Amino acid sequence: MITAAARKKLGTARFERIRDVKYLSWEDVFEVEFESGLSYLVSNRDLRVANRLPHRSAAVAAAWVDPELRSGFHVRYEDGSVAEASWEFVKEQA
């Protein structure tokens, strides 16, 4: 599992379907697993900033992968707000 990597130039990521996403509350990050078996960590804070949600908000209620294309994932918070991230966001954040 890759937990940290050197940042690459934007636009260099290659498409790969997402297999699973898990919220790790003790680290406040999402672990995103791709079909190749590689996993990346995405900060909840970065996801909230990218979706223009308040920095301090409700806890994560659910996280799920887009069922049709598996090209991104969605997060629903307890206050009803929803954030989404594409495969590209995940890979370029790492």
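Helices, of at least four residues, and strands, of at least two, are runs assigned by DSSP and numbered from the N terminus. With that in hand, let's work through this predicted model together.

**Exercise 1. The overall layout**

Task: Find how many helices and strands the protein has, and the pattern they follow along the sequence.

Solution.
- Start with the tally: there are 2 helices and 6 strands.
- Next, read from the N terminus, which gives the pattern β-β-β-α-β-β-β-α.
- Then look at burial: the protein has 94 residues, and 33% of them count as buried.
- Finally, turn to contacts between residues at least 6 apart in sequence: 43% of these join residues at least 24 apart.

**Exercise 2. The hairpin**

Task: Describe how β2 and β3 pair, and in which sense.

Solution.
- The two strands, β2 and β3, run antiparallel and are paired over 5 bridges.
- For one position on this pairing, take Glu33, which faces Ser39 of β3.
- Now follow the chain round the turn: 4 residues separate the strands of this hairpin, and Gly37 in the turn has a positive phi of about 100 degrees.

**Exercise 3. Aromatic pairs**

Task: Count the aromatic pairs, then classify the one formed by Phe15 and Trp87 as stacked, tilted or edge-to-face.

Solution.
- Rings pair if their centres lie within 6.5 Å, and by this rule there are 4 aromatic pairs.
- For Phe15 and Trp87, the ring centres are 5.3 Å apart and the planes meet at 85 degrees, so this pair is edge-to-face. The cut-off behind that step is an angle over 60 degrees.
- Now place the partners: Phe15 is in the segment before β1 (18-24) and Trp87 is in helix α2 (residues 87-93), so the pair ties together parts that lie 72 residues apart in sequence.
- Check the burial of each partner. Phe15 has 45% relative accessibility and counts as partly exposed, whereas Trp87, at 16%, counts as buried.

Task: Do the same for Tyr23 and Phe30, and find which residues make up the cluster around them.

Solution.
- The Tyr23 and Phe30 rings are 5.0 Å apart, centre to centre, with 45 degrees between their planes, and the pair is tilted.
- Tyr23 is partly exposed at 27% relative accessible area, while Phe30 is buried at 0% relative accessibility.
- Ring pairs also bring in Phe73, giving a cluster of Tyr23, Phe30 and Phe73.

**Exercise 4. Charges and their partners**

Task: Trace the contacts of Lys91 with Glu16 and with the ring of Phe34.

Solution.
- Begin with the general idea: side chains of opposite charge can pair when their charged atoms come close.
- The structure holds 5 salt bridges. One of them joins the side chains of Glu16 and Lys91, with 2.8 Å from N to O.
- This bridge spans distant parts of the chain, with Glu16 in the segment before β1 and Lys91 in helix α2, 75 residues apart.
- Are these two residues buried or exposed? Both Glu16 and Lys91 are buried.
- Lys91 also lies over the face of Phe34, at 5.0 Å from the ring centre.
- For a second charge over a ring, look at Arg48: its charged end sits over Tyr77, 4.3 Å from the ring centre.

Task: Locate the salt bridges made by Arg19 and Arg70.

Solution.
- Arg19 meets Glu33 in a salt bridge of 2.9 Å, N to O. The bridge joins strand β1, which holds Arg19, to strand β2 (residues 29-34), which holds Glu33, across 14 residues of sequence.
- Arg19 is partly exposed, with 43% relative accessibility.
- Arg70 meets Glu35 in a salt bridge of 2.2 Å, N to O. Arg70 is in the loop between β4 (60-65) and β5 (72-77), and Glu35 is in the loop between β2 and β3 (39-43), so the pair ties together parts 35 residues apart in sequence.
- Arg70 is partly exposed at 28% relative accessibility, and Glu35 is partly exposed at 39% relative accessible area.

**Exercise 5. The nonpolar core**

Task: Find which residues have the most contacts inside the largest nonpolar core, and which elements supply it.

Solution.
- The largest nonpolar core has 20 residues, and Val32, Leu47, Phe73 and Val75 have the most contacts inside it.
- At least two core residues come from each of β1, β2, β3, β4, β5, β6 (82-86) and α2.
- Zoom in on Leu47: leaving out residues up to four places away in sequence, its contacts include Phe30, Phe73, Val75, Tyr77 and Phe89.

Note on methods
Residues numbered from 1 in each chain as written. Predicted model: local features only at pLDDT ≥ 70, side-chain atom pairs only at ≥ 80, totals over all residues. Heavy atoms only, no water. Phe/Tyr/Trp six-rings, centres within 6.5 Å; stacked < 30°, edge-to-face > 60°. Buried < 20%, exposed > 50% of the residue type's maximum accessible area, 1.4 Å probe, protein only. Lys NZ or Arg CZ within 6 Å of the ring centre and 35° of its normal. Salt bridge = Lys/Arg side-chain N within 4 Å of Asp/Glu carboxyl O. Core = buried A, V, L, I, M, F, W, Y, C linked by side-chain atoms within 4.5 Å. Contact = heavy atoms within 4.5 Å. Pairing = 2+ DSSP bridges.
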